[in-house]
Amino acid sequence: MGALCVASGDARAWDDSKYPDFSGQWRPIGGPGRFDISKPAGRGQQAPLTPEYQAIFEATLKDRAVGGLSGDPTGLCLPHGLPRMMVAIFPVEFVVTPKITYYMTDYTTSRRIFTDDRDWPKDLLPSFNGYSIGHWVDTDGDGRYDLLEVETRGFTGPRAYDSSGIPFHDDNQSIIKERIYLDKNNRNLLLFDITVIDHALTRPWQVLKSYRREAGAQPSWFEEVCGESNNHIQIGKENYMISGDGMLMPTKKGQKPPDLKYFPGARK
């Protein structure tokens, strides 16, 4: 947060000393790419899926094994959404203000966590990130906040937990709860305790993610524009790729080309 302050209408500035120092650049510990960083990818995540959604996941893994892109909407440049965006493939930054805490990254859309004591809107506009309402908590009574509790609802899809394609329920009625705080013994360690409640799960799925603050005072930031370098293309329900010479190519052995009915000159 540094010296960040926000002036109100009567020119009084807010006291940022009451808030934890989330400033700087943060990178995930253990490397990005998995929802539960303590377990292997894919089936190794041991997601508590219902039989119906475990079957969907198995079909996704089968398709991925032969070159498909099932279960990975990010491969087609759709936003990561929550909670996948928290894998932090690129470094992330937090900006804390009295009314909103911002989660910023150059790899996907930014996120707002509202901390102004608002109620849930009567009509939530669904989004990939959902609608996040947070509350600051002083757990030890020393007059300083040390915990941000967040609940997020109002999702759209498709979304997945990570690149392996672990699915969410199609109804998008997920509820995601987070507890965000600095480690008491290491102020350069940020912890995210995430619990997902979803109809595709047999029980709430809880994981603990951790991020390390980079030591440099002026870290480098990276720009990533998905559409600029993405060579995946979806036609109908099939995924293809654009080759290095700019031609459409298959991703699976024996994959049929797309229907060319709108290109009569290409038909024999």
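This note sets out points on strand pairing, the largest pocket, salt bridges and a surface patch in a predicted model.

1. Strand pairing around S7. Strand S7 (residues 175–183) pairs with strand S6 (residues 147–153) in the antiparallel sense, over five bridges. In this pairing, Val 150 stands opposite Glu 178 of S7. S7 also pairs with strand S8 (residues 186–197), again in the antiparallel sense, and here the bridges number nine. Ile 176 faces Val 196 of S8 as its opposite residue. The connection from S7 to S8 is a hairpin through two residues.

2. The largest pocket. The volume of the largest pocket is about 560 Å³. Its lining comprises 28 residues, of which Ser 70, Gly 71, Asp 72, Pro 73 and Pro 158 are the closest to the centre. Helix H1 (51–65) and strand S11 each contribute at least two lining residues. H1 provides the largest share, namely four residues.

3. A salt bridge between distant parts of the chain. The model holds nine salt bridges. One of them joins Arg 27 to Glu 214, with the closest N and O atoms 3.8 Å apart. Arg 27 belongs to strand S1 (residues 26–28), whereas Glu 214 sits in the loop between strand S9 (205–213) and helix H2 (226–229); the two are 187 residues apart. Arg 27 counts as partly exposed because its relative accessibility is 28%. Glu 214 is likewise partly exposed, with a relative accessible area of 31%.

4. A salt bridge at helix H1. The side chains of Glu 58 and Arg 43 form a salt bridge at 2.8 Å, N to O. Glu 58 lies in H1 and Arg 43 in the loop between S1 and H1, so the contact ties together parts 15 residues apart in sequence. The partners fall into separate accessibility classes: Glu 58 is partly exposed at 28% relative accessibility, while Arg 43 is exposed at 54%.

5. The pair Arg 118 and Asp 116. These two residues form a salt bridge whose closest N and O atoms are 2.8 Å apart. Arg 118 has a relative accessible area of 29% and is therefore partly exposed. Asp 116 is also partly exposed, at 27% relative accessibility.

6. A nonpolar surface patch. Ile 233, Ile 235, Ile 242 and Leu 248 make up a nonpolar patch on the surface, and together they have about 270 Å² of accessible area. Ile 242 is part of strand S11 (residues 238–242). Its relative accessibility is 32%, so Ile 242 counts as partly exposed. Strand S11 thus appears in two of these points, since S11 also supplies at least two residues of the pocket lining.

Key. Residues are numbered from 1 along each chain as its sequence is written. This is a predicted model: local features need pLDDT of at least 70, side-chain atom pairs count only at pLDDT 80 or more; totals for chains, interfaces and linings use all residues. Side-chain values use heavy atoms; hydrogens and water are left out. Patches are made of residues with over 30% relative accessible area and no salt bridge: like charges are joined within 9 Å, nonpolar side chains (Val, Leu, Ile, Met, Phe, Trp, Tyr) within 5 Å. Accessible areas come from the Shrake-Rupley method with a 1.4 Å probe; for residues, only the protein chains shown count as cover. A salt bridge is a side-chain nitrogen of Lys or Arg within 4 Å of a carboxyl oxygen of Asp or Glu. Buried means under 20% relative accessible area, exposed over 50%, partly exposed in between (1.4 Å probe, protein chains only). Two strands pair if DSSP finds at least two bridges between them. On a 1 Å grid over the protein atoms alone, a cavity is a set of points where a 1.4 Å probe fits but cannot get out, and a pocket is an open set with protein on both sides within 12 Å along at least five of seven lines; lining residues have an atom within 4 Å of a point. Grid points are joined across faces, edges and corners, and a volume is the space filled by probe spheres set on the points.
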